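Here are my comments on the two-chain model you sent round. Have the coordinates open while you read.

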Amino acid sequence: MSAAAADVATKVEKPPAIPRGWSRQRVLGYALVGLWIVLGIGMIVYLVEAWNSELFQKYAPGYISGLGVTLTLVAVSIVLGAVLSVPVAYARMSRNRILSSFAYAYVYFFRGTPLLTQVFLIYYGVGSFRPALEAVGLWGFFREAWYCAIFSFTLNTAAYQAEILRGAIESVPRGQWEGAASLGLHKLQTLRKIILPQALIVALRPYGNEIILMIKGSAIVALITVYDLMGITKLTYSRTFDFQSYIWAAIIYLIIVEILRHAVEWVERRITIHLHR
Amino acid sequence: MQSVWTLLSWGPEGWLDDIAYGVFITVSLAAATLPVGLMIGFLVALAKQSNEPSLRLAGNIYTTIFRGLPELLTLFMIFYGAQIGIQQLMRLYNPTAAVEVNAFVSGMIALGVVFSSYASEVFLSAFRAIPKGQYEGGYSVGLSGWQTMRLVVLPQLIRISLPGLANLWLILLKDTALVSAIGLADILRQAGVAARVTKQAFLFFGVAALIYLLLAIISSFGINAIERRVGRQQVQR
């Protein structure tokens, strides 16, 4: 009997898939994907046709160094901003009214105004205080566009990172603090061993987004004569009037951002492995 | 040296009228971009939540590209790319034609595509927050697909996506500062002109920053008012 049942079971075939037909959605979807493919092929054809090995040899090293400048700028300002964000986040969460309102004003200013305005304010505006800065020996620092860019980016990202840190720490339930206190851990131990490991899981994605936003935002330093990737691109375009200079920059930026995005997703999967079943 | 108040006065001596014109340009650019961006963003979100894989793919390519490119690069590519493209087209008819692309329109398109790619993500997560039963309920009372969307889903969608969209509006307002790079006389460019003429860079860029801050504060009051109203509708339900 059971053998017969098994026989029947093997004979029963999976029903054929329901024919999907060419619904309106499907036609539209294929048309749009087709449009993207045509655009992609068009771009490749354009790049192949516009290929000029002389031009490439002349400007490709510039692009590499520009990419280096962009990545250095972002890395330095993210790290310095992370350092600066700790006291800001601490002040923001503190019970002291004056301290927390100062931190709030700092964060509100840097998050509420465009980064470009902040960069201009520092790069052009600091010149108004030249005598005072010369007196304290800081003029050499603020005269350089590069240092101004790092300075303004650090202040900007510190404000954003302070909010990320604060949000992450506040996302950990109060019971965790109380539980640690009842076990006799002091504040710093609690923060380091209990709170931060849980908070950083929450903070990882916003931190990743902040790095991506900084990479994209760093393009504006091209407007204060720093030769980052965008600066080199502008220079190349102004010398050659060849539109492919912009397309190469777009490709490089897209690759970096996609690598970063996937890296953040990978890390997030790794560190939340204990939360999934 | 002129006093600060003379520099900031209205009229030929001061720069306040020029900066006010910049505020007008900035606000009208952001206001003109918003509906375009919302519309495209909604359509892209519709594509990304459909059952059809090819539509989802097309929507995801759009978001990946315009979220990954720096806004400034997008702006330059559209401004110069459109100029070259239209020029090439015009050359077919008139070999000596010279084309100037409108900076306002290029800025609007560039900010619009960036805004829409972010907005599509906001709409997408709002779509996912609406239970399937809402569509089924609409179907069971005999509404057509379009009617379900308009009468049942959209009102909930707007309420859910409002905080995310409010955030995007504040980002859009800040991103408009980039159009000063393609020569549009917005707040930042007017402040820059004033700074160059009067050599008071810190004053004028500081004023520009404060104006942006003021616009953000006014916007958040407006957003709060809208959210209160939408919230009240929810209570009445």
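The points below go from the chains as wholes down to single residues.

1. First, a reminder that this is a predicted model. Everything here should be read with that in mind, and the UniProt labels I quote come from unreviewed entries.

2. Chain A is helical from end to end in its element list: twelve helices and zero strands. Chain B has nine helices and, again, zero strands. If you like the string form, chain B reads α-α-α-α-α-α-α-α-α from the N terminus on.

3. How does the spread of chain A sit against the globule rule? For 277 residues a compact globule would have a radius of gyration near 19 Å, but chain A has 27 Å. Its C-alpha atoms fill a box of roughly 100 × 70 × 35 Å along the principal axes. Buried residues come to 28% of the 277 in chain A.

4. For chain B, a compact globule of 237 residues would come out near 18 Å, but the chain has a radius of gyration of 22 Å. The C-alpha trace of chain B spans about 75 × 55 × 25 Å along its principal axes, and 36% of its residues are buried.

5. Sequence separation of the contacts is worth a look too. In chain A, taking contacts with a separation of 6 or more, 74% are between residues 24 or more positions apart. In chain B, 71% of the contacts between residues at least 6 apart join residues at least 24 apart.

6. On the annotations: UniProt puts "domain: ABC transmembrane type-1" on residues 67-264 of chain A. That stretch is 83% helix and 0% strand, with its end C-alpha atoms 20 Å apart. For chain B, the record gives the domain label to residues 23-223, a span that is 82% helix and 0% strand, with end C-alpha atoms 20 Å apart.

7. UniProt also lists transmembrane regions in chain B, among them 68-86 and 151-172. Residues 68-86 of chain B are 89% helix, and their end C-alpha atoms lie 26 Å apart. Residues 151-172 of chain B are 100% helix, with 29 Å between the end C-alpha atoms.

8. Helix H2 of chain A deserves its own point. It runs over residues 24-49 and reaches 37 Å from first C-alpha to last, close to the 38 Å expected. H2(A) is hardly covered: one of its 26 residues counts as buried.

9. Which residues have the most contacts inside the largest nonpolar core? They are Val119(A), Leu72(B), Leu73(B), Ala191(B), Phe205(B) and Ala208(B), in a core of 105 residues. Leu72(B) is a good one to click on: leaving aside neighbours within four places in sequence, its contacts are Ala219(A), Ile220(A) and Met230(A) from chain A, plus Leu178(B) and Ala181(B) from chain B.

10. Last, is Ile187(B) buried or exposed? It counts as buried because 27 other C-beta atoms lie within 10 Å of its own, and 20 or more is the cut-off. Ile187(B) belongs to helix H8 of chain B, residues 187-198. Beyond its neighbours within four places in sequence, Ile187(B) is in contact with Ile19(B), Gly22(B), Val23(B), Thr26(B), Ala208(B), Ile211(B) and Tyr212(B). Of these, Ala208(B) is one of the core residues named in the previous point. Phe205(B), 18 residues along from Ile187(B), is 9.3 Å away, C-alpha to C-alpha.

Key. Residues numbered from 1 in each chain as written. Chains lettered and ligands numbered in written order. Predicted model: local features only at pLDDT ≥ 70, side-chain atom pairs only at ≥ 80, totals over all residues. UniProt positions renumbered as here; feature names shortened; annotations may be inferred. Helix = DSSP H or I, 4+ residues; strand = E, 2+ residues; numbered from the N terminus. Core = buried A, V, L, I, M, F, W, Y, C linked by C-beta atoms within 7 Å. Buried ≥ 20, exposed ≤ 12 C-beta atoms within 10 Å, placed from the backbone. Contact = placed C-beta atoms within 7 Å. Expected span 1.5 Å × (residues − 1). Rg over C-alpha atoms; globule rule 2.2 N^0.38 Å.
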